[in-house]
Amino acid sequence: MADEMVLLDFWPSPFGMRLRIALAEKGIDYEYKDEDLWSKSPLLLQMNPVHKKIPVLTHNGKSVYESLIALQYTDEVWNDKAPLLLSDPYLIAQARFWADFVNKKVIFTH
Ligand SMILES: N[C@@H](CCC(=O)N[C@@H](CS)C(=O)NCC(=O)O)C(=O)O
């Protein structure tokens with residue numbers, strides 16, 4: 001049975017963009033649902049009850065949220081397709097630095 005993937009997102013979100021890029025790199029098909037962050041859907045509230053934020057990746061009905069955790073999950077589940085991190089520990093550290101930089105410096109609030 002094929003995996004059922006849904007991405008709850010908001011198109012300008014850099015956090016959602018991370019996941020969209022990773023899913024594209026890995027060639028994973030998914031249903032895209034754009035959220036209205038000013039009127040959040042019951043699905044978003046149900047799937048991310050802790051932060052109530054996008055992006056949320058649902059995989060066969062189970063939700064994964066926080067974009068870096070969802071990226072890591074994607075990389076672990078589809079570890080045979082386009083690894084997201086290189087094997088050199090220094091290059092991995094650099095990639096993690098920039099991921100952390102986006103977390104700390106890119107702010108989207110309403
Ligand atoms: N640390 C979170 C940040 C996610 C985030 O800030 N999402 C924003 C959109 S870019 C959001 O859902 N905002 C709605 C809100 O704050 O209620 C992640 O990496 O997934």
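Which residue takes a positive phi in the hairpin of strand 3 and strand 4? In this predicted model, the residue in question is Asn60, whose phi is near 50°, and the hairpin has 2 residues between the strands.

## The hairpin and its two strands

Strand 3, made of residues 56-59, pairs with strand 4 in the antiparallel sense, and the pairing runs over 4 bridges. Two of the residue pairs can be followed by name: His59 stands opposite Lys62 of strand 4, while Thr58 has Ser63, also in strand 4, as its bridge partner.

## The sheet

The hairpin belongs to an open sheet of 4 strands, in which the order is 2-1-3-4 and the pairing is mixed. At the edges of this sheet stand strand 2, residues 31-34, and strand 4, residues 62-65, each of which pairs on one side only. From one strand to the next, the twist averages 20°.

## Helices on the sheet

Helix 1, which spans residues 14-26, packs on the sheet and touches strand 1 (5-9), strand 2 and strand 3. The direction of helix 1 makes about 155° with that of strand 1.

Helix 3, which spans residues 67-77, also packs on the sheet, where the strands it touches are strand 3 and strand 4. Its direction makes about 125° with that of strand 4, the strand that also pairs with strand 3 in the antiparallel sense.

## The ligand and its surroundings

The ligand is surrounded by 11 residues, and the closest of them are Ser13, Lys40, Ile54, Glu66 and Ser67. When the residues of this shell are divided by character, 5 are nonpolar, 3 are polar and 3 are charged.

Three of these closest residues can be described through polar atoms that face particular atoms of the ligand. Lys40 places a polar side-chain atom 2.5 Å from an oxygen atom of the ligand, and Glu66 has a polar side-chain atom 2.8 Å from a nitrogen atom of the ligand. For Ile54, by contrast, the atom concerned is a polar backbone atom, which is 2.8 Å from a nitrogen atom of the ligand. On its own the ligand has 520 Å² of accessible area, and the protein covers 86% of that area.

Methods:
Residues are numbered from 1 along each chain as its sequence is written. This is a predicted model: local features need pLDDT of at least 70, side-chain atom pairs count only at pLDDT 80 or more; totals for chains, interfaces and linings use all residues. Side-chain values use heavy atoms; hydrogens and water are left out. A residue is near a molecule or strand if one of its heavy atoms lies within 4 Å of it. A polar contact is a pair of N or O atoms within 3.5 Å; within protein, one must be able to donate a hydrogen and the other to accept it, and residues adjacent in sequence count only if both atoms are side-chain atoms. Accessible areas come from the Shrake-Rupley method with a 1.4 Å probe; for residues, only the protein chains shown count as cover. Ala, Val, Leu, Ile, Met, Phe, Trp, Tyr, Cys and Pro count as nonpolar, Asp, Glu, Lys and Arg as charged, and the others, Gly among them, as polar. Two strands pair if DSSP finds at least two bridges between them. Axes are lines fitted to C-alpha atoms, for helices over the stretch in contact, and angles run from 0 to 180 degrees between N-to-C directions. Contact means heavy atoms within 4.5 Å.
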